[in-house]
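The following exercises concern strands, helices and rings in a protein model. Please attempt each task before reading its solution.

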Amino acid sequence: IDLGLGLNMLLDPHPTYELFTNLSQENLEKLRSGVGIDFSSEVGSLLITDDMMKKMNPLGLVLKTSLEYNQPVISRMDITIGAYMSYTVYKPGYVSLPKKLMENAKKVNNKIDFENDELKSFYMNNVDFGISLGLLFKV
């Protein structure tokens, strides 16, 4: 059994996003024609500029637990079988959104400035889990 505490860093300068909606075509058309907001589904890539990377806090706090079992196979080799789960919390300060979402937000509130205003109470969470299988050699 293993418990861990650590840091994780976001490094992808061009993350891919998938924007999905549960609105019907009728509701999407009402939003487009009435308010001028477009929430249709799309897939794309975000461009995070160097200026945004300097402002953003890429570090996250990681809490990790794992369970491993070693089974001897021969005198100098074991098979390792395990499972792990980790939870990460980020407080980036600034967020990069798809252009469509930024434009829609500015239509509702034109005072919003995603590029320059820091988000003081925004947190992102990540849960990661899986199994591991490996070989352990004894020297």
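**Exercise 1.** Against which strands do the buried residues of α3 pack?

*Solution.* The model is predicted: local features need pLDDT of at least 70, side-chain atom pairs count only at pLDDT 80 or more, and totals for chains, interfaces and linings use all residues. Residues are numbered from 1 along each chain as its sequence is written, and side-chain values use heavy atoms, with hydrogens and water left out.

Step 1. Helices (H or I, at least four residues) and strands (E, at least two) are DSSP runs, numbered from the N terminus.

Step 2. Helix α3 spans residues 99-108, and K100, M102, N104 and A105 are buried there; buried means under 20% relative accessible area (1.4 Å probe, protein chains only).

Step 3. The buried residues of α3 pack against β2 (16-19) and β3 (42-45), where contact means heavy atoms within 4.5 Å.

**Exercise 2.** Determine how β4 pairs with β1 and with β5.

*Solution.* Step 1. Two strands pair if DSSP finds at least two bridges between them.

Step 2. Strands β1 (residues 2-9) and β4 (residues 59-74) run antiparallel, joined by eight bridges; M9 has L59 as its bridge partner in β4.

Step 3. With β5 (residues 77-90), β4 forms 14 bridges, also in the antiparallel sense. A hairpin of two residues joins β4 to β5, and S66 stands opposite Y84 in β5.

**Exercise 3.** Identify the charged end that sits over the ring of Y84.

*Solution.* Step 1. The criterion is NZ of Lys or CZ of Arg within 6 Å of the ring centre and within 35 degrees of the ring normal.

Step 2. The charged end of K64 sits over the Y84 ring, 5.1 Å from its centre.

Conventions
Buried means under 20% relative accessible area, exposed over 50%, partly exposed in between (1.4 Å probe, protein chains only).
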